[in-house]
Amino acid sequence: MFYLRAWTDLTATSYQMTAMALEAQAVVWMRLWGMVGAWNVSPSENRQMVAEKLVAGLKAQQAATLAVASGKSPVQTAAAALKPSRRKTSPNLSRLSKRGPKLI
């Protein structure tokens, strides 16, 4: 039974990691296009981009530390550390994709 739980945790964490990586890549792509004027972004997008990474990084570190301190497995620790980033990538993707490209 332990192995099934470990396999389920690993699969779920792998899915979340993959989804976060794909979302983050799309967000970076839209933000870069926004920097060169080809994508509709708000004037504060660059500042928001930097600020959210600092906060998400600190929250990820805190979540990982708490997971380790409470005896969680490495996979559960990775899942806990991933959550703060995932909470940013999904809304960013939705928000930026709705804005769309700048059409001449």
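In which helix is the place of Trp29? In this predicted model, Trp29 belongs to helix α1. The residue is partly exposed, its relative accessible area being 44%. Trp29 and Trp39 stand 10 residues apart in sequence, and their C-alpha atoms are 9.6 Å apart in space.

Trp29 also contributes to a feature of the surface. Together with Val28, Leu32, Trp33, Met35 and Val36, Trp29 makes a nonpolar surface patch of about 610 Å². Met35, another member of this patch, lies in helix α1, which covers residues 2-35. With a relative accessible area of 44%, Met35 is partly exposed, because the partly exposed class lies between the limits of 20% for buried and 50% for exposed residues.

Charged side chains were examined next. Side chains of opposite charge can pair when their charged atoms come close. The count of salt bridges in the model comes to four. One of them joins Glu23 to Arg86, with 2.6 Å between the closest N and O atoms. This pair links distant parts of the chain, as Glu23 is in helix α1 and Arg86 is in helix α3, 63 residues apart. Glu23 and Arg86 are both buried.

A salt bridge is also formed between Glu52 and Arg31, whose closest N and O atoms are 2.9 Å apart. Glu52 lies in helix α2 and Arg31 in helix α1, and the pair therefore ties together parts that are 21 residues apart in sequence. Both partners, Glu52 and Arg31, are buried. For Arg31, the relative accessible area is 3%, and the residue is classed as buried because this value is under 20%. Arg31 also has a counterpart distant in sequence: Leu96 is 65 residues away along the chain, yet the C-alpha atoms of Arg31 and Leu96 are 8.1 Å apart in space.

Helices α2 and α3 are joined by a further pair, Arg95 and Glu45. The closest N and O atoms of this salt bridge are 2.8 Å apart. Since Arg95 lies in helix α3 and Glu45 in helix α2, the pair ties together parts that are 50 residues apart in sequence. As to accessibility, Arg95 counts as partly exposed at 28%, whereas Glu45 is buried, with a relative accessible area of 1%. Arg31, Glu45, Glu52 and Arg95 are linked in a network of salt bridges.

Pockets form a further part of the description. Rolling a probe the size of a water molecule over the atoms shows where empty space is left. The largest pocket has a volume of about 230 Å³. Its lining consists of 14 residues, and those nearest the centre of the pocket are Ala12, Thr13, Gln16, Ala79 and Lys83. Helices α1 and α3 (74-99) are the elements that give two or more residues to this lining. The largest share, seven residues, is supplied by α3. By character, the residues lining the largest pocket divide into six nonpolar, four polar and four charged.

The second largest pocket holds about 170 Å³ of space. Its lining is made of Met20, Ala24, Val27, Val28, Arg31, Glu52, Lys53, Ala56, Ser85, Lys88, Thr89 and Asn92. At least two of these lining residues come from each of α1, α2 (45-69) and α3. Here the largest share, five residues, comes from α1. The lining divides into five nonpolar, three polar and four charged residues. Among the residues of this lining are Arg31 and Glu52, which form a salt bridge with each other. Val28 likewise lines the second largest pocket and is one of the residues of the nonpolar surface patch.

The connection between the second and third helices was also considered. Ser70 lies in the loop between α2 and α3. At 48% relative accessibility, Ser70 counts as partly exposed. Ser70 and Met17 are 53 residues apart along the chain, and a distance of 22 Å separates their C-alpha atoms.

Note on methods: Residues numbered from 1 in each chain as written. Predicted model: local features only at pLDDT ≥ 70, side-chain atom pairs only at ≥ 80, totals over all residues. Heavy atoms only, no water. Patch = residues over 30% accessible without salt bridge, like charges linked within 9 Å, V, L, I, M, F, W, Y side chains within 5 Å. Areas by Shrake-Rupley, 256 points an atom, 1.4 Å probe, with all protein chains shown as cover. Salt bridge = Lys/Arg side-chain N within 4 Å of Asp/Glu carboxyl O. Helix = DSSP H or I, 4+ residues; strand = E, 2+ residues; numbered from the N terminus. Buried < 20%, exposed > 50% of the residue type's maximum accessible area, 1.4 Å probe, protein only. 1 Å grid on protein atoms, 1.4 Å probe; cavity = no way out; pocket = protein on both sides within 12 Å on 5 of 7 lines; lining within 4 Å. Points joined across faces, edges and corners; volume = space filled by probe spheres on them. Nonpolar A, V, L, I, M, F, W, Y, C, P; charged D, E, K, R; others polar.
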